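Open the model in your viewer and keep the sequence panel beside it. We shall select a few pieces in turn and look at what lies around each of them.

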Amino acid sequence: MAAPSLLNWRRVSSFTGPVPRARHGHRAVAIRELMIIFGGGNEGIADELHVYNTVTNQWFLPAVRGDIPPGCAAHGFVCDGTRILVFGGMVEYGRYSNELYELQASRWLWKKVKPHPPSSGLPPCPRLGHSFSLYGNKCYLFGGLANESEDSNNNVPRYLNDFYELELQHGSGVVGWSIPVTKGIVPSPRESHTAVIYCKKDSGSPKMYVFGGMCGARLDDLWQLDLETMSWSKPETKGTVPLPRSLHTASVIGNKMYIFGGWVPHKGENIETSPHDCEWRCTSSFSYLNLDTAEWTTLVSDSQEDKKNSRPRPRAGHCAVAIGTRLYFWSGRDGYKKALNSQVCCKDLWYLDTEKPPAPSQVQLIKATTNSFHVKWDEVPTVEGYLLQLNTDLPYQAASSDSSAAPNMQGVRMDPHRQGSNSTIPNSVSDNSAKTEHTALKGTSVKNRPDLKASSDSNATLHSSLAANASNHNSCVVDVLRKHEGPHTSAYIGVLSSCLDLRTVVPETSVSSSVSSAQTMVTQQTIKTESSSTNGAVVKDETSLTTFSTKSEVDETCALPATKISRVEAHATAMPFSKETPSNPVATMKAGERQWCDVGIFKNNTALVSQFYLLPKGKQSISKIGNADVPDYSLLKKQDLVPGTGYRFRVAAINGCGIGPFSKISEFKTCIPGFPGAPSAVRISKNVEGIHLSWEPPTSPSGNILEYSAYLAIRTAQIQDNPSQLVFMRIYCGLKTSCIVTAGQLANAHIDYTSRPAIVFRISAKNEKGYGPATQVRWLQGNNKKAPLN
């Protein structure tokens, strides 16, 4: 059965940058979203290293340095993390190589490496058209073509079926070659075959699969090598075996090996009676082998007529690379003779989605206003867009709020729909000037904590509410890089202001500042500091609801001074419920009538939501996005968001196979007018007592600020059982915009390891109406688990 992707080949036509010249015999590997191409030939052998960024559609030529290898074709090319190994290949007509080079892509640094020879036997001879496959810390070399003549102008081909193992050192360098002793019948000599390695999930040993190749005539045999027992076998397969071929590609995605293109016998020829004399042609046939069931499936057969521009034209000697569940194909020769012994090389880039995309992460809040949400979700690789939906199936009831209390952090409930006096955990209250604290944390040990004293009633009524589920709350969050240069070094943070109900359950959001550059190095290192004129600013993509065009701008509320910080993470925390909550006209529908409504299709993983579309029953005007049916939004009625109203969100990714599964549901609430915004410009610096925590008043106070409250996430037995549920203790309440956090208080701090290790603070402001959203600050502690300030 043909996959839905069969109808959705995509030719990439909007790329930028220096496009490589057309060629064949080149090789490609993937490092995350980058496709890296090296070698090949067409009127001369290419020696440049080209990189294509599949996200930005940019080609670029990295500035390589070191022991740059000569150009080669039909070489071995594998990727191990961020290093790439190149072995052998043709360096000029009749002259082949057996040299090994390593590229550290994190620095674009080439190095010639010299592995030790086998303990018995000779190292691999110079060759081309071999297979070179990586599994774990070993590369496996099989077959190829050697030149028996010492004179490169007198090419005497010798087909090989020797087998070598190359052990790699961790990170960089190699140990040496060995010649494993194998069992069973060895495959016949060949070149221009393919080899892939696959291991069943949770069971079985890794196996190498060799398919096809050339030995005077093209081959269609499939061989399997068990890499644990080193036993060769020919697995019995079901389905239609692809025609004999060479110079094809084989790529593994999931449990399938996809075979595309290559040289095949011309239809009508009897290859059984005259395999050496028949005509050969290129093909665009496409099949896969299910490696779990050993069954072949044909997606595009050799007998199908090629539809013009609907898929790649026939080719051989191309390259293929899998990025996520998407296959990319580039260049190759098409087999049509331009002149004697010369083919026309293609200069086209295609991709094909092999299955629907996985579900994205939950929708996360960046900023909320009275009538809009700025939301994001984690990117899903290699997708064409995202379908964002909402509904208003949320119970909504008012709750009284003690105006003298701290922010009403009712999100501690596991059930976000319930209200009641038992919905919070008793919290500690601190008088910072007296340096004393009282805690009523039920079940929390207070032994050996000099700054914590147990209350006489562990179930005391709250004087300040505590969020035990704070990591799931909507809050303005900023990561501060912990400084080691000296006690007075400080870090500055800019924050986003927003208002949402703490009943909502949403995972912590990370909105990282980034520098977009096609020539950014690939790196395994975590970048802990950034410095630029807009360092840390959140970039907002306001994507059209009905098109894939995007507009990027810097959210002015997030601008930071040009100081070194690690990253900015944004959330909106809850406002207390208000008796003045406006009614929601959409929520008056009966529960059974509520439905998911489309916000729209978005190209990027952010959206500014102020409206959604109402889809009339029985009037679903359908259009196509990729292979997905979506409504024609131009024909639908729009509904504005309403202040003080709860909304559920979910998102699904779209690729050429259709719309994937939806994410888990997130719940947010639009702001209620009149409450203060979140404090901003938080600053942390060390002093002799501990640290000095300061902030600026909210940019939108909505009246006079009556007081501020600051909180610290502390260690509790509850957090040990469920690290995602933070417990906060109030460490300051007053009119000042700063406080001292003592070393004793910090000794009781919880180190949050949900992303990067950090101590978590929260700060919020109160006006005549009550407490507004809190700013959540994550003070980064490095990767060790030592106590803060060490």
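Begin by selecting residues 646–655, which form strand 48, where ten of the ten residues are buried, buried meaning under 20% relative accessible area with a 1.4 Å probe and protein chains only. Strands here are DSSP runs of E with at least two residues, numbered from the N terminus. This is a predicted model, in which local features need pLDDT of at least 70, side-chain atom pairs count only at pLDDT 80 or more, and totals for chains, interfaces and linings use all residues. Residues are numbered from 1 along each chain as its sequence is written, and side-chain values use heavy atoms, with hydrogens and water left out.

In a regular strand the side chains alternate between the two faces of the sheet. Colour the two sides of strand 48 separately: Gly646, Arg648, Arg650, Ala652 and Ile654 lie on one side, Tyr647, Phe649, Val651, Ala653 and Asn655 lie on the other, and all of these are buried.

Which strands pair with strand 48? Two strands pair if DSSP finds at least two bridges between them. Select residues 385–391, strand 32, which runs antiparallel to strand 48 and is joined to it by seven bridges; here leucine 388 stands opposite valine 651. Next select strand 50 (residues 666–669), which pairs with strand 48 in the antiparallel sense over four bridges, with serine 666 as the bridge partner of phenylalanine 649. Finally, add strand 49 (residues 658–662), which is antiparallel to strand 48 and joined to it by three bridges, while a hairpin links these two strands through two residues.

Notes: Buried < 20%, exposed > 50% of the residue type's maximum accessible area, 1.4 Å probe, protein only.
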